[in-house]
Amino acid sequence: MQFLSALRLLILSGALLAVEGQTGLAPKKFLTLPLGQVRPSGWLLNQLQIQINGLAGHEHEFYHWISDTDWTGGTQAYSNLEEAGSYWFNAMIPNGVLVNHTVINQKTLDFLDYVLDHQDSTGWLGPEVGTNKPRFLWARYPFFFGAIQLTEVHPELTDRVVTAMHKFVALANKMLKNNGEGVEPWAATRWEDFVVSLQWLYDNHPNGNEDILIDTMKRLKWTGVPWEKVFSEQYFPKTAGEYLKMTRFEHTPNPFNLPLTWHGVNVAEGLKALPTTFRFTHNQTDLDVASRGWDLLFQYHGRPSGIYAADEYLAGQEAIRGTELCLVVETMFSGSYLYQIIGDPKFADRIERITYNALPATLTGDMWSRQYLQQQNQIASKNMNPNPFPNDGAYSNVFGLEPNYPQLPQGWPKFVSNAFLTTPDQKSLVHLYLGPFATTTTLASGNKVSVNVDTLYPFSDTLTTTVTASSAFTYYVRIPSWVSGGTIAINGGSAKAVNPSNGLQAVSIPAGTTKFVLNLPAKITTESRPHGSVAVHRGPFNFAFDIPRSQKVLARNSQQSLAVDLEFDASGAWQYAIDPSTLQFHTTSPSSLPSPVFDSGKSPLSITVTACPISWSTAGDTFAASPPTNPSCTGRNTTLTLTPLGTTKLRISEFPVMA
């Protein structure tokens with residue numbers, strides 16, 4: 001493999017040598033709770049129920065990549081990477097567990113049983129057993145994520161899963177020693193996913209195999225993209241398409257020499273590469289580069305919805321460039337992992353923004369249809385000819401079953417599963433992501449703790465938390481950076497200003513029951529965007545103008561009539577400039593939320609702003625040109641109502657400013 005030679009130089013130069021005297025794995029800053037110990041409640045539970053009643057919960061019945069997957073003896077494979085079946089398995093385990101869906105739970109257990117029952121004598125797992133198919137490592141990684149989750153829910157499966165994984169690790173180690181056998185270009189970017197699973201084995205079930213586990217981690221990095229180079233100032237692309245120039249630099253070969261390095265989903269997964277590396281190198285530089293790389297990514301490619309642009313490859317800051325749904329959920333997962341290792345609240349703040357904006361924006365309210373690519377300014381959702389995505393098809397922003405490529409639903413459940421953490425000593429509980437949750441767990445010294453968070457957040461500023469504990473402990477709750485004038489009132493006492501340390505508010509919980517109320521208001525803020533445009537924020541929400549739309553069914557699945565491809569067209573004007581000085585926040589303060597809340601007209605929150613019509617051209621008839629700079633009004637002022645971006649399917653969220 002051509003790209004290995006430069007990577008070997010990194011090894012020889014000491015890039016993977018552990019800090020002197022440091023062995024084993026460095027501890028995490030925070031630990032996750034087992035799947036099922038954190039549960040959604042209120043509107044968030046309803047959101048997961050909608051998802052599993054929609055496409056996610058029915059794919060196994062009719063969608064051939066899943067219903068007839070060769071992972072469980074069928075004949076269908078999306079590609080020779082063999083990823084469709086294992087992706088589904090990994091995504092649907094938390095979906096089924098969190099809403100207690102009997103059918104899905106049994107399907108995922110059956111999937112696990114089949115794969116483990118068919119592990120061959122060499123240790124290989126997956127549909128290549130007993131065939132002449134090439135054996136690529138990558139699709140095993142999501143399978144291992146799923147298998148680990150099932151051991152958390154069904155501890156009786158642990159010995160079987162762990163034994164199979166160790167057998168596979170021995171084989172993978174031999175393959176990696178054999179000039180990187182099994183590492184094709186996709187696996188070369190996604191090696192960190194396997195390292196996460198190896199570290200789970202090391203932390204929990206090493207079985208005397210510590211040395212080969214560490215050696216395999218190092219060899220995965222050795223045969224993969226060196227993310228410490230990717231996320232460096234020297235090489236990181238700062239504009240759309242700059243990656244195309246990165247086959248060679250001036251007199252310097254690109255050290256990774258793989259165009260897939262700049263693929264958006266690969267970058268999303270690669271965000272957690274250096275934190276995984278730190279655990280076996282103990283090198284603080286790995287964490288420093290990871291943190292700076294996160295900042296570089298959003299500085300040059302970030303968008304107001306919290307995510308970054310990559311319509312296949314990193315795409316800069318233009319409002320009509322796309323963001324892939326897979327990229328959204330993988331960034332959520334990596335950001336959660338970054339927080340667990342580094343502990344910087346900037347990761348959690350951004351993941352909450354992504355979850356409450358970019359994730360629902362790319363799904364219909366009933367979650368039967370999804371986009372491949374979303375846009376910040378999206379005036380149509382249709383077969384776009386011409387289209388603004390240089391590397392993706394014209395069908396990419398249609399809402400449908402398979403617009404361009406399949407997508408699988410792991411965003412919402414994995415957000416829930418990472419919402420609570422513990423400190424490494426397991427004496428304290430950390431409420432990381434804000435929303436309606438219920439949690440029951442046992443902390444150190446047998447301290448039985450239950451938590452119920454009653455809130456409409458992020459559609460409300462108030463969270464009422466009831467904690468019951470058998471022993472005293474410290475409870476931490478994240479206070480987002482956008483909070484202004486936040487208060488906490490404990491057991492009916494007077495409200496006092498929150499005073500977080502590194503983003504966390506400490507609450508002393510005695511034995512018995514404690515109730516505290518957080519009020520976390522925020523100010524309206526604006527963000528400068530290209531061409532003099534602005535984006536509007538309040539709290540975690542990015543606000544957008546919900547363009548009136550018409551709908552057309554483009555296709556309907558022959559086996560499942562609810563699985564439709566939808567075209568949306570603007571049925572009203574969208575060409576407006578706004579006066580940011582007139583922004584005003586409004587809320588109806590409801591006692592409950594409608595279902596589905598992430599749909600047009602459902603949000604109880606809005607922002608009004610004075611606007612005027614302007615001349616704003618389209619490119620073809622399908623997407624907006626760049627926002628005009630300092631446009632002149634072409635008609636009388638009007639008032640626009642803006643709502644959370646996730647409730648809109650056609651939208652303007654980067655606005656020209658009235659001259």
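T423 sits in the loop between strand 10 (420-422) and strand 11 (429-431). Helices (H or I, at least four residues) and strands (E, at least two) are DSSP runs, numbered from the N terminus. The model is predicted: local features need pLDDT of at least 70, side-chain atom pairs count only at pLDDT 80 or more, and totals for chains, interfaces and linings use all residues. Residues are numbered from 1 along each chain as its sequence is written, and side-chain values use heavy atoms, with hydrogens and water left out.

Is T423 buried or exposed? T423 is buried, at a relative accessible area of 13%. Buried means under 20% relative accessible area, exposed over 50%, and partly exposed in between (1.4 Å probe, protein chains only). Leaving out residues up to four places away in sequence, T423 touches K29, F30, L31, S428, V430 and Y476. A contact here means heavy atoms within 4.5 Å.

**Pockets and cavities**

Rolling a probe the size of a water molecule over the atoms shows where empty space is left. The search uses a 1 Å grid over the protein atoms alone. A cavity is a set of points where a 1.4 Å probe fits but cannot get out. A pocket is an open set with protein on both sides within 12 Å along at least five of seven lines. Lining residues have an atom within 4 Å of a point. Grid points are joined across faces, edges and corners, and a volume is the space filled by probe spheres set on the points.

The largest pocket holds about 960 Å³ of space. Its lining has 31 residues, and K28, T32, I148, E152 and W200 lie nearest the centre. Strand 1 (31-32), helix 7 (140-153), helix 10 (191-204), helix 16 (325-342) and helix 19 (411-417) each supply at least two lining residues. Helix 10 gives the most, with six residues.

The second largest pocket has a volume of about 500 Å³. It is lined by 26 residues, with Y78, E83, E324, Y405 and P406 closest to its centre. Helix 4 (64-67), helix 5 (84-98) and helix 16 each give two or more residues to this lining. Here helix 16 gives the most, with three residues.

Now the cavities. By this rule there are seven of 30 Å³ or more. The largest cavity has a volume of about 150 Å³. Of its 17 lining residues, Q51, L325, L363, R370 and P409 are closest to the centre. Helix 16 and helix 19 are the elements that give two or more residues to this lining.

The table sorts each lining by class. Ala, Val, Leu, Ile, Met, Phe, Trp, Tyr, Cys and Pro count as nonpolar, Asp, Glu, Lys and Arg as charged, and the others, Gly among them, as polar.

| Space | Nonpolar | Polar | Charged |
|---|---|---|---|
| Largest pocket | 13 residues | 13 residues | five residues |
| Second largest pocket | 16 residues | five residues | five residues |
| Largest cavity | eleven residues | five residues | one residue |

**Two helices**

Helix 15 (residues 284-301) has 18 residues. At 1.5 Å a residue it should span 26 Å, and its end C-alpha atoms are 26 Å apart, which agrees. The expected span is 1.5 Å times one less than the number of residues. Among the buried residues of helix 15 are D286, W294 and H301. Their cover includes helix 13 (264-270), helix 14 (273-281), strand 6 (313-314), helix 16 and helix 17 (345-356).

Helix 17 has twelve residues and reaches 17 Å from its first C-alpha to its last, close to the 16 Å expected. Ten of the twelve residues are buried, so helix 17 is largely enclosed by the rest of the structure. The buried residues include P345, D349 and Y356.

**Backbone exceptions**

Most residues other than glycine have a negative phi, and most peptide bonds are trans.

N385 and P386 are joined by a cis peptide bond, with omega about 0°. P386 lies in the loop between strand 9 (380-381) and helix 19. P386 counts as partly exposed, at 46% relative accessibility. Setting aside residues up to four places away in sequence, P386 touches G620, T622 and F623. The bond from Y457 to P458 is also cis, with omega near 10°.

N179 is not a glycine, yet its phi is positive, at about 60°. N179 is partly exposed, with a relative accessible area of 39%. N502 is not a glycine either, and has a positive phi of about 50°. N502 is exposed, with a relative accessible area of 51%.
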